[in-house]
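Let's take a walk through this one, going from ring pairs to a helix face and a small sheet. Have the structure open as you read.

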Amino acid sequence: MKILITMYDINNPGGIINHNENLIAGLKELGHSVDFVELLWRDRVTDKRISDKTGFEEKYSGYPVHQGKGWIFPTGKRIPYKGRENIAWWLDFANQFDLVIWQIPVPTKRKDNKGNNDWPQLYALDPAVNQIAIIHDGNLAKSYPWIEHISEHLSGLACVHPCAYHGAETTTIPRAMIFNPQEIDDHPVPKWVDKEKGFISLQTFKAWKHVDDLVRSMPHMKKDTVKYLAGGGIEYNYMTSKDKCKENYFVSATDADIDPREYGRKIWDVALDNGMSWLGYITETAGKQYMQKLRCLIDPSWSKAYSQVGDHFNRVVVDGMLEGAIPIARNLGISTNKDGVGEVFKPGEHYVMVPYNAAPKEFADIVEEVVNFPEQEAEKYYANHRELLKKFERKHIAEQYIELGAGLPCGFYGEVEVGEQDEKSLTKSRRTLSEFFGV
């Protein structure tokens, strides 16, 4: 089968990068041919120029990719779609494929998309070409309900977790819950007793990732606990800014159990003084190497809004399991309840829970407990990980994409469900299509 994967230009692709690379690998392992292109609302395109290529690596797409900057697409794979001639070229090109997978379902309300009334025509392919889109978050009704405008062209939505799945119930497009694809193999990792007593936390710094919760906790940990932090993004900029650091990113008298002499200092600087090692953006390969040598992976993210919709776990939790780093995560990230019991991940079995509202010292105490687990306790988690990881294997996930494209029951729930657009999202969709996109 000939498969085309598309990518609109977005800010901070984050985990979408590793999702896409492993999906391409899984599809190729099934014997399919895969092409990957970037769609740009322009009259014409030129080479994408990157002055500093530090931190880029080539994976399964064959294009250099950076965890913060995304892919460097070859010129021939950067496709302009502004205007009738470009749309006509696109339709001729895309109609040569059996399946088109939209990594980003529809264009966003980025400033440079104002007046973009060409995008709906991209989906007007021959009926013989199946098209499916991927839902990476629980924001469909809030952030892109105009997906319903092209619903007749999509045979399915692949929702990567329960929050994405339940959050997409306001569209009539059939949907299935299909996990993030991962490379699952039997590569050796160091024994628990040989791993360093410490952790790594890596992510795009967004507000709902609550990296500051982890940073605040570090002064309460032992000095010799190894502490690595990686990634970057808007909240990192605020946390470290000389002039624009947010007020809540300074130590104050509300931070209990901390030396009063630290009041008024940036929490980031205090964490550095207490052993935090800052890595910046690192490659996926480097991330795995850190997780192999360290005992824990910490995902500090949580969201009350997401937790009201469904479990919103991040792929990095699975990455940790793969490399023998026991995940430490939050109850209102992994699940919808304060007990942290999710549809997929269970506390005390797959991960160690930190309450979303944990004080810095409580957070630190939990981390210290886990990095000092006896080997027998760690092995209990490892056994549960091995069973769960099978559900994320990329070839298995790729098969589900093929099934979804064909309209077959698939995914974690073993079914495809159809929702109904409510009046609120329908009104927002119509307004945005008219006032922003000019459709």
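## Phe-205 and its partner

Phe-205 is buried, because its relative accessible area of 1% falls under the 20% cut-off. This is a predicted model, by the way. The ring of Phe-205 teams up with that of Tyr-236: the centres are 5.9 Å apart and the planes meet at 90°, so we call the pair edge-to-face. Along the chain the two sit 31 residues apart, with Phe-205 in the loop between S11 and helix H5 (211-217) and Tyr-236 in helix H6 (residues 234-240).

## More rings

A search of the whole structure turns up 33 aromatic pairs. One of them joins Phe-179 and Phe-392, and here the rings are stacked, at 4.4 Å centre to centre with 15° between the planes. This pair ties together distant parts of the chain, 213 residues apart. Phe-179 belongs to the loop between strand S10 (175-177) and strand S11 (196-204), while Phe-392 is in the loop between helix H13 (375-389) and helix H14 (394-405). Both partners are tucked away: Phe-179 counts as buried at 3% relative accessibility, and Phe-392 counts as buried at 1%.

Ring pairs also build a cluster, whose members include Tyr-8, Tyr-81, Trp-89, Trp-90, Phe-93, Trp-102, Phe-436 and Phe-437. Phe-436 has a charged visitor too, as Lys-109 lies over its face at 5.6 Å from the ring centre. Elsewhere, Arg-394 places its charged end over the ring of Tyr-60, 4.6 Å from the centre.

## Helix H2 and what covers it

Which residues of helix H2 (residues 84-94) are buried? They are Asn-86, Ile-87, Trp-90, Leu-91, Phe-93 and Ala-94. Look down the axis of H2 and these buried residues fall within an arc of 165°, so they line one face of the helix. The face turned away from that buried side carries the exposed residues Arg-84, Glu-85 and Asp-92. On the buried side, the cover includes S1, strand S2 (33-40), strand S6 (78-80) and strand S7 (99-102).

Two of those buried H2 residues, Trp-90 and Phe-93, are also members of the ring cluster.

## Thr-6 and Lys-361

Thr-6 is found in strand S1 (residues 2-8), and with a relative accessible area of 0% it is buried. Leaving out residues up to four places away in sequence, Thr-6 touches Phe-36, Val-37, Leu-39, Trp-90, Val-100, Ile-101, Trp-102, Gln-103 and Ile-104.

What about Lys-361: which helix does it lie in? The answer is helix H12 (residues 360-371). Lys-361 is partly exposed, with a relative accessible area of 36%. Its contacts, again without residues up to four places away in sequence, are His-220 and Asp-257. The C-alpha atoms of Lys-361 and Pro-219 are separated by 8.5 Å, although the two residues are 142 apart along the chain.

## A three-stranded sheet

Finally, there's an open sheet of three strands in the order S3-S4-S5, with antiparallel pairing. Strand S3 (57-58) and strand S5 (70-71) stand at the edges; each has a single partner strand, so one side of each lacks a neighbour in the sheet. Strands of a sheet pair through backbone hydrogen bonds, either parallel or antiparallel. Strand S4 (residues 64-66) and S5 take the antiparallel option, over two bridges. Across that pairing, His-66 stands opposite Gly-70 in S5.

Methods
Residues are numbered from 1 along each chain as its sequence is written. This is a predicted model: local features need pLDDT of at least 70, side-chain atom pairs count only at pLDDT 80 or more; totals for chains, interfaces and linings use all residues. Side-chain values use heavy atoms; hydrogens and water are left out. Rings of Phe, Tyr and Trp (its six-membered ring) pair if their centres lie within 6.5 Å; planes under 30 degrees apart count as stacked, over 60 as edge-to-face and the rest as tilted. Helices (H or I, at least four residues) and strands (E, at least two) are DSSP runs, numbered from the N terminus. Buried means under 20% relative accessible area, exposed over 50%, partly exposed in between (1.4 Å probe, protein chains only). A charge sits over a ring if NZ of Lys or CZ of Arg is within 6 Å of the ring centre and within 35 degrees of the ring normal. Contact means heavy atoms within 4.5 Å. Two strands pair if DSSP finds at least two bridges between them. The arc is that of the directions from the helix axis to the C-beta atoms.
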